[in-house]
Amino acid sequence: MKLNIAVLPGDGIGPEVTQQAIKVLKAVALEFDHTFNFKEALVGAIAIEETGNPLPDETIKLCKASNAILFGAIGDPKFDNDPSAKVRPEQGLLRLRKEFGMFANIRPIKAYEKLLDKSPLKEAIIKGTDICIYRELTGGIYFGEKSLNEEKTIASDLCQYSKEEIERVAHLAFKAAQSRKKKVTLVDKANVLETSRLWRKVVTEIAKDYPDVSLDFLFVDNAAMQLILNPKQFDVILTENMFGDILSDEASVIGGSIGLLASASIGGKVGMFEPIHGSFPQAKGKGIANPIASILSAAMLLEHFGLHKEARRIQQAVEKSLELEITTSDISTKNSGVSTNRVGDFIEDFILHPEETNLNLNNIHLGQSTII
Ligand code: IPM
Ligand code: MN
């Protein structure tokens with residue numbers, strides 16, 4: 001398969017983790033005989049610095065001419081600490097989502113066996129957790145009308161949803177549930193919000209098209225509690241934009257590090273694949289950022305194009321790196337861990353020579369080799 005991939009590394013650790021994902025995709029292309037072309041463009045704070053615009057026209061043009069977008073991270077403390085800044089890096093990401101109609105954001109959350117003790121949650125609670133969050137991504141309070149009065153003392157953000165906006169993401173969530181544990185949980189605040197009541201009504205209707213999938217409802221406050229009290233009760237969580245944003249960060253605690261969580265933003269002509277973590281500016285350039293979220297986002301990109309075998313190989317390589325603790329310090333028991341680049345190299349190597357890599361590592365375990 002031939003794919004043109006737009007690479008938007010962005011800010012902070014974005015470039016260094018994205019570089020590992022590219023390395024891994026290149027290995028996949030070589031091993032499985034595909035052609036992946038990569039072209040880079042600016043987004044976020046770096047784009048503001050260089051062009052004054054967090055999403056320059058050039059970037060939009062490149063994305064439009066591509067099959068998929070590989071996104072790094074955006075954000076810079078310069079802007080976080082200045083609430084009056086009119087131009088902000090996040091606008092680049094939000095515009096990109098809106099412009100390309102990426103209405104569904106898919107965020108898988110898994111408790112890896114090897115990392116059970118990395119989570120502050122008890123092993124018995126998280127063991128076996130496998131959740132997929134379907135977050136609506138182009139509507140709700142994020143995109144509703146915003147206002148601030150002249151005195152700058154009263155502000156508002158409108159939360160609005162249409163039936164169609166709810167339907168299209170709900171269908172995707174139900175379809176996903178069909179090939180999983182066949183359960184959708186709609187998270188809302190229907191005891192207070194009109195938009196949530198519309199979500200319940202529309203989703204209940206849609207559920208009739210999927211008789212093999214069960215549907216239940218949770219208020220978001222309760223869902224926040226249930227997620228860490230008993231995460232195994234969940235299969236697919238379907239929710240609106242802001243609830244999905246908050247719950248997915250909370251759920252990342254289950255996996256042991258936010259540095260592991262990948263996401264896909266789909267629905268429009270071009271899908272975007274990105275880690276759910278931010279730009280972690282304190283770690284920039286230090287080689288300590290965990291590249292797994294970005295690498296697993298590359299696997300989601302391949303899945304999106306039906307390249308399941310290839311995606312599976314990446315997942316296996318990641319699992320192997322966890323098993324052998326070739327990991328960055330956030331999830332390593334050895335205090336230092338290995339570098340971002342080293343994790344990428346290992347995963348690349350495993351993709352190209354799974355047997356050999358296994359063999360060498362077994363030898364290392366026996367103290368017979370220092371090849372790797
Ligand atoms: C995310 C991020 C973004 C969001 C920010 C950077 C605008 O937190 O992708 O989860 O809130 O959607
Ligand atoms: Mn977020």
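Which domains does the domain assignment of the chain give? Colour residues 1-103 + 281-372 as domain 1 and 120-255 as domain 2; the bounds come from an automatic or database domain assignment. Before you click further, note that this is a predicted model, where local features need pLDDT of at least 70, side-chain atom pairs count only at pLDDT 80 or more, and totals for chains, interfaces and linings use all residues. Residues are numbered from 1 along each chain as its sequence is written, chains are lettered from A and ligands numbered from 1 in the order in which they are written, and side-chain values use heavy atoms, with hydrogens and water left out.

**Stop one: the two domains**

Put a marker at each C-alpha centre: domain 1 and domain 2 sit 26 Å apart by that reckoning. Their contact (heavy atoms within 4.5 Å) takes six residues from domain 1 and nine from domain 2. About 770 Å² is buried between the two, with carbon and sulfur atoms giving 69% of that; buried area here is the accessible area (1.4 Å probe) that two parts lose on being put together, summed over both. Now select Arg97, Lys98 and Phe103, which supply 77% of what domain 1 buries against domain 2, more than any other three residues.

**Stop two: ligand 1**

Next, show everything with a heavy atom within 4 Å of ligand 1. You should get Glu90, Leu93, Arg97, Arg107, Arg135, Tyr142 and Asp245. Each of the two domains gives at least three residues to this shell. Helix 5 (residues 89-99) is the top contributor, with three; helices are DSSP runs (H or I, at least four residues), numbered from the N terminus.

**Stop three: the oxygens**

Zoom in on the ligand's oxygen atoms and look for polar contacts (pairs of N or O atoms within 3.5 Å). A polar side-chain atom of Tyr142 is 2.5 Å from one oxygen atom of ligand 1. For the side chain of Arg135, an N or O atom lies 2.8 Å from a ligand oxygen, and for Arg107 the distance is 3.0 Å.

Conventions. A polar contact is a pair of N or O atoms within 3.5 Å; within protein, one must be able to donate a hydrogen and the other to accept it, and residues adjacent in sequence count only if both atoms are side-chain atoms. Helices (H or I, at least four residues) and strands (E, at least two) are DSSP runs, numbered from the N terminus.
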